[in-house]
2 protein chains.
Amino acid sequence: MRPVSIVGIGQLPVEAASARSLRDLGATAVRLAMTDAGVERVDALFCGNMLSDELQGQKHLAALIADEAGLRGIEALDVGAVTASGAGAVRMAFLSVASGQADLAVALGVEKMSDGVAMPAISKALDADREVAHGATMISRNAELLALYFERTRAPAHAMVWFAVNAHKNARNNPYALFHKMRVSPRKAATSRIVHAPLRLYDCAPICDGAAAVVLAPAEQARAFSDHPVRILASAVATDRFRVDDRADPLLLEGSQLSAHKAFRQANVHRGDVSFFEAHDAFSIMACLQLEAVGFAAPGQGWRMAAERRIGIRGTLPICTMGGLKARGHPIGASAVYQVVESVLQLTGRAGKNQVRAAKVALIQSIGGAASTVITHILGV
Amino acid sequence: MRPVSIVGIGQLPVEAASARSLRDLGATAVRLAMTDAGVERVDALFCGNMLSDELQGQKHLAALIADEAGLRGIEALDVGAVTASGAGAVRMAFLSVASGQADLAVALGVEKMSDGVAMPAISKALDADREVAHGATMISRNAELLALYFERTRAPAHAMVWFAVNAHKNARNNPYALFHKMRVSPRKAATSRIVHAPLRLYDCAPICDGAAAVVLAPAEQARAFSDHPVRILASAVATDRFRVDDRADPLLLEGSQLSAHKAFRQANVHRGDVSFFEAHDAFSIMACLQLEAVGFAAPGQGWRMAAERRIGIRGTLPICTMGGLKARGHPIGASAVYQVVESVLQLTGRAGKNQVRAAKVALIQSIGGAASTVITHILGV
């Protein structure tokens with residue numbers, strides 16, 4: 001397997017409702033990443049998206065966007081793992097370059113959620129027959145996990161607030177973040193309206209539009225394309241029992257644990273080597289459970305890392321350093337590629353006021369559905 | 001890149017309406033292929049499906065089926081290229097083994113079209129804004145191509161009949177084929193009802209349910225799993241201008257041409273080495289245009305290969321040897337994996353009455369949408 005590097009990045013500002021069409025969002029992100037790498041042509045495009053089927057009546061997005069970006073003839077495939085689809089696209093681009101089948105591959109994540117009502121479509125990430133048919137939604141599943149967490153850990157009522165506060169604080173220095181002008185106090189988050197008890201509004205990432213892309217190349221050629229390439233040290237996917245109800249312990253995200261362990265082994269790095277962690281904070285409880293599953297916190301103690309501000313930019317483990325899904329925004333299929341773009345900025349000293357000191361190793365996780373799939377990438381310089 | 005072989009195959013009979021659920025179809029095909037390879041565990045599952053979103057209200061199929069098949073923890077990702085999705089899954093499984101990231105990977109194709117009305121969802125393979133919004137469907141697009149073909153070539157009115165006759169003849173010896181008990185005379189096909197002028201019923205593959213899977217392993221370990229492994233000599237994807245209307249010549253399938261050329265180069269074989277061709281005869285015009293695009297026939301002459309029976313099992317280039325999409329059936333996301341399974345049977349001398357003599361090299365093409373994406377695989381022994 002040949003080592004792979006990221007040699008170009010592109011992102012568009014996350015917006016509540018972009019004036020661009022879905023295809024334009026996607027093609028623009030692709031061209032931005034290619035311009036950053038200084039290339040006019042790539043061999044392959046892998047596209048991560050979750051909702052175009054319902055919201056734009058469009059399947060076959062990779063081929064559509066390849067054409068829109070002027071890349072007729074190249075390989076183009078759609079890759080999915082619902083809410084982790086962007087990470088699936090990164091993984092496929094990684095495999096195509098690592099295998100030697102492509103010399104330059106683009107991973108794109110794109111979502112335009114403002115074109116319709118996204119919620120019913122999002123629930124298709126769950127088991128249609130055994131969850132959705134009984135009234136479950138992605139929000140209700142996360143509310144149940146949060147309730148169980150409170151019940152088991154006896155964490156204080158506002159234990160989760162600090163995840164949102166951290167994310168919003170970081171987003172203020174990210175011009176691409178949806179909420180980059182908003183101030184969120186602990187009080188504001190703690191008293192935000194109940195969406196689905198005990199989940200509050202500030203426990204949930206917002207619906208929005210966005211697109212991000214990265215160009216991958218063989219590591220040994222990376223310097224030909226970029227002055228600041230970043231290595232993909234590991235790429236790993238793991239599943240769990242599909243339904244939360246079938247898991248021995250619903251509060252242990254085995255997909256997160258397993259894919260992280262696979263990735264650490266692959267990268268030959270240790271948990272303690274991680275400079276910062278881009279968690280999948282679509283719901284604050286998910287970020288909390290990830291901290292525990294990966295082993296940064298003991299079971300039931302993840303919330304303390306947030307409450308004690310250890311997750312801040314100057315903390316022991318900065319997380320969601322450019323705003324996370326909560327405050328940069330969560331254009332679903334695009335989010336994981338934003339995570340990768342942001343990690344590249346951190347690792348190359350271009351994260352501005354949010355720069356993590358001596359950032360060498362980035363851990364990135366993206367969660368599909370109720371953590372039925374978890375995709376982990378480790379980047380390094 | 002390490003060479004990759006197919007070491008296990010599994011298929012379910014194609015049916016108009018299977019008694020099995022979508023997940024059961026998928027999990028059963030996976031287990032059949034794993035049993036054939038003699039393995040209890042694989043590293044990764046790649047799932048090709050086009051319509052579960054609309055017909056079963058289900059996304060996240062790869063993870064769902066991994067769990068259903070008892071494979072908790074493994075990597076699982078959905079791969080799509082609409083009507084070529086199964087071939088996308090084969091390609092991803094190939095990349096994962098070729099790269100060294102997986103030692104055993106399953107490619108699954110599964111579709112259950114009997115759960116609802118498939119046609120509107122199928123048209124999402126086209127451009128929603130610039131084709132579907134103006135009334136185009138997959139059927140109308142193929143009807144237009146057929147009309148243009150007749151106009152340009154002056155081929156006789158029944159020129160396409162022989163594709164259906166060949167497919168149905170071959171299906172009679174394939175117990176997994178939807179139409180394995182049906183006799184179709186040239187007259188029956190030629191006088192079948194007009195679906196969308198000039199397309200007749202026998203120019204179109206049927207709507208149905210099915211699932212097929214293959215297990216991939218490194219070629220050097222293939223004999224540990226199978227007494228008759230088959231090498232994947234090439235895997236290639238190419239796109240064309242997305243809309244037929246944007247192509248310089250709508251009758252030249254550039255995606256077919258380009259992906260075939262890439263594959264021939266990769267496999268280091270010549271067109272003349274091909275023992276048989278599993279074409280994507282979702283519409284007879286597509287099979288005809290593929291013969292021309294790959295170079296087996298001159299432009300405008302593809303129909304003659306069929307009319308002169310050169311595509312039969314004893315012909316110069318047998319095509320659709322186990323019934324093709326037309327008569328084995330076209331459970332959309334599954335079809336390309338059926339093609340691969342059937343090619344393995346041919347290459348290992350297990351194709352029964354339809355055995356192609358001295359079969360050494362199989363060419364397989366799967367078409368996404370109106371040939372916006374074409375995926376080519378070459379298998380060999």
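Before I show you any strands, one definition: two strands pair if DSSP finds at least two bridges between them. With that in hand, take strand 1 of chain A, residues 4-11, which is joined by 7 bridges to strand 7 of chain A, residues 209-218, the two running antiparallel. Please keep in mind throughout that what we are looking at is a predicted model. As for the predictor's own confidence, chain A averages a pLDDT of 98, with 100% of the residues scoring at least 70, and the complex is given an ipTM of 0.98 and a pTM of 0.98.

Let me stay with strand 1 of chain A for a moment. Besides strand 7, strand 1 of chain A is also joined to strand 8 of chain A, residues 230-239, by 2 bridges, and here too the strands run antiparallel. A:Ile6 is a good residue to click on, since it stands opposite A:Leu216 in strand 7 of chain A and also opposite A:Val230 in strand 8 of chain A. Is strand 1 of chain A enclosed or open? Since 8 of its 8 residues are buried, strand 1 of chain A is largely enclosed by the rest of the structure.

Now to the way the two chains meet. On the side of chain B, 46 residues are in contact with 46 residues of chain A. The elements of chain B that give two or more residues to this side are helix 3 (61-68), strand 3 (75-80), helix 4 (85-98) and strand 8 (230-239), and strand 3 of chain B gives the most, with 6 residues. Sorted by class, this side of chain B has 20 nonpolar, 16 polar and 10 charged residues. Strand 3 also makes a direct link across the two chains, for 3 bridges join strand 3 of chain A to strand 3 of chain B, and these strands run antiparallel. At one of the positions, A:Val79 stands opposite B:Val79.

How are the two copies related? Chain B can be laid on chain A with an RMSD of 0.0 Å by a turn of 180° and a shift of 0.0 Å along the axis, and that is the relation of a two-fold axis. If you want to find the axis on your screen, look for B:Ser99, whose C-alpha is the nearest to it in chain B, at 2.0 Å. The interface tells a matching story, because 100% of the interface residues of chain B are also interface residues in chain A, so the copies meet through the same surface.

Helix 4 of chain B, which we have just met at the interface, deserves a closer look. Its 14 residues should span 20 Å at 1.5 Å a residue, and its end C-alpha atoms are indeed 20 Å apart, which agrees. With 14 of its 14 residues buried, helix 4 of chain B is largely enclosed by the rest of the structure. Just after this helix, B:Gly100 takes a positive phi of about 95°.

From there I would like to move to strand 10 of chain B, residues 361-368, where 8 of the 8 residues are buried, so that this strand too is largely enclosed by the rest of the structure. Both of its faces are covered, with B:Val361, B:Leu363, B:Gln365 and B:Ile367 buried on one side and B:Ala362, B:Ile364, B:Ser366 and B:Gly368 buried on the other. Which strands pair with strand 10 of chain B? One is strand 9 of chain B, residues 276-278, which pairs with it in the parallel sense over 3 bridges, and there B:Glu278 has B:Ile364 as its bridge partner. Another is strand 11 of chain B, residues 373-380, which runs antiparallel to strand 10 and is joined to it by 8 bridges, with B:Thr376 as the bridge partner of B:Gln365. Strands 10 and 11 of chain B form a hairpin with 4 residues between the strands, and in it B:Gly369 takes a positive phi near 65°.

Two residues of chain B will close the tour. B:Ile367, in strand 10 of chain B, counts as buried because it has 32 C-beta neighbours inside 10 Å, where 20 or more are required. Leaving aside neighbours within four places in sequence, B:Ile367 is in contact with B:Thr83, B:Ala84, B:His280, B:Ala282, B:Met286 and B:Val374. B:Val340, in helix 13 of chain B, also counts as buried, with 30 C-beta neighbours inside 10 Å. Not counting residues up to four places away in sequence, B:Val340 touches B:Val90, B:Val214, B:Ile364 and B:His377.

Methods. Residues numbered from 1 in each chain as written. Chains lettered and ligands numbered in written order. Predicted model: local features only at pLDDT ≥ 70, side-chain atom pairs only at ≥ 80, totals over all residues. Contact = placed C-beta atoms within 7 Å. Nonpolar A, V, L, I, M, F, W, Y, C, P; charged D, E, K, R; others polar. Least-squares fit on C-alpha atoms with pLDDT ≥ 70 in both. pLDDT = per-residue confidence, 0-100. Expected span 1.5 Å × (residues − 1). Buried ≥ 20, exposed ≤ 12 C-beta atoms within 10 Å, placed from the backbone.
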